[in-house]
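Please open the model in your viewer and switch to a cartoon view, so that you can select one part after another as the tour goes on. Keep the sequence in sight as well, since each stop is given by residue numbers.

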Amino acid sequence: MTYDEFDPEDPRLDRDRVLATDADLQEVIELLLQTANHRQVWIFMLDEQQRPTGPLIPMDGYPDAPDELVGTDDLGLVPFPRVFVERAGVICEAVGGSAIVLIWERRGPEKFTADDRAWARALAHEAGEHGPRLRAQFVLHSTGLRQITPDDYV
């Protein structure tokens, strides 16, 4: 599918659709984000019934490595994933969400990189410690989308 074929009226994009399985979730993400353009991470939020809620939020400019420390007024000097999870939790709560999905966008092949695994592992750890619930993570690469599971990054 190319961007020219995107149809916001597609019933698969219905905001009331329950995304009960990872396959449902992947289908919706593939409709919204076809292939990678540059390095960024997307935050997709779901409500308690596993329906999309809030905006799909892109964020670029994050550090090269997840162990980079960031100073904040409220958290002090902590690794970037801690700040990311805390801020994502605030946004998720504000829009009535109960879980987040992360989509790691980067150019390159489908095969997971060491960076993909490091970021997925770090964010899964922080979400487990400090919430919000992390439903799933995906890598959006040059030719499509692939789910990255704990077996891929543990």
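Which unit do strand 5, helix 3 and strand 6 make, and is it right-handed or left-handed? Select these three elements together, bearing in mind that the model is predicted, and you have a β-α-β unit that is right-handed. Its two strands, strand 5 and strand 6, pair in the parallel sense, and 7 bridges hold that pairing. To find one of the positions where they meet, show Ile103, whose bridge partner in strand 6 is Phe138.

**The sheet**

Now widen the selection to the open sheet, which is formed by 5 strands in the order 2-1-5-6-7 and has mixed pairing. At its edges stand strand 2 and strand 7, and because each has a single partner strand, one side of each is left without a neighbour in the sheet. If you look along the sheet, neighbouring strands are turned against each other by 20° on average, with direction ignored. Strands of a sheet pair through backbone hydrogen bonds, and they can do so in a parallel or an antiparallel way.

**Strand 1**

Next select strand 1, residues 40-46, and ask how many of its residues are buried. The count is 7 of 7, so this strand is largely enclosed by the rest of the structure. Show its side chains, and you will see that Gln40, Trp42, Phe44 and Leu46 point one way while Val41, Ile43 and Met45 point the other way, with all of them buried.

Strand 1 has antiparallel pairing with strand 5, over 7 bridges, and along that pairing Leu46 stands opposite Ala99. Strand 1 is also joined to strand 2 by 5 bridges, again in the antiparallel sense, and here Met45 stands opposite Thr53. Follow the chain from strand 1 into strand 2 and you trace a hairpin with 5 residues between the strands, where Gln50 in the turn has a positive phi of about 70°.

**From Gln50 to Arg135**

Stay with Gln50, which lies in the loop between strand 1 and strand 2. Is Gln50 buried or exposed? Its relative accessibility is 13%, and since buried means under 20%, Gln50 counts as buried. Leaving out residues up to four places away in sequence, Gln50 touches Arg17, Val18, Leu19, Ser98, Arg133 and Arg135.

From Gln50, move to the last of these, Arg135, because the side chains of the two residues are joined by a polar contact of 2.6 Å. Arg135 sits in strand 6, and at 16% relative accessibility it too counts as buried. Beyond its neighbours within four places in sequence, Arg135 is in contact with residues that include Leu19, Asp22, Leu46, Ala99 and Val101.

**Strand 6 and strand 7**

Colour the whole of strand 6, residues 133-141, which is mostly covered, as 7 of its 9 residues are buried. Strand 6 runs antiparallel to strand 7, residues 144-147, and 4 bridges join them. Phe138 appears again here, since its bridge partner in strand 7 is Gln147. The two strands form a hairpin, with 2 residues between them.

**The helices on the sheet**

Turn now to helix 2, which lies across strand 1, strand 2 and strand 5 and runs at about 35° to strand 1. Helix 3 packs on the sheet as well, touching strand 5 and strand 6, and its direction makes about 165° with that of strand 6.

How far apart are the end C-alpha atoms of helix 2? The helix has 15 residues, 80-94, which at 1.5 Å a residue should span 21 Å, and the end atoms are indeed 21 Å apart, so the two values agree. Show its buried residues next, which are Phe80, Pro81, Val83, Phe84, Val85, Ala88, Gly89 and Cys92. Among the elements that cover them are strand 1, strand 2, strand 5 and helix 3. An α-helix has 3.6 residues a turn, so residues three or four places apart point the same way. The tour ends at Gly96, just after helix 2, where the phi angle is positive at about 80°.

Conventions:
Residues numbered from 1 in each chain as written. Heavy atoms only, no water. Helix = DSSP H or I, 4+ residues; strand = E, 2+ residues; numbered from the N terminus. Expected span 1.5 Å × (residues − 1). Buried < 20%, exposed > 50% of the residue type's maximum accessible area, 1.4 Å probe, protein only. Contact = heavy atoms within 4.5 Å. Pairing = 2+ DSSP bridges. Right-handed = clockwise from strand over helix to strand, strands pointing away. Axes fitted to C-alpha atoms, helices over the stretch in contact; angles between N-to-C directions. Polar contact = N/O pair within 3.5 Å; in protein donor to acceptor, adjacent residues only side chain to side chain.
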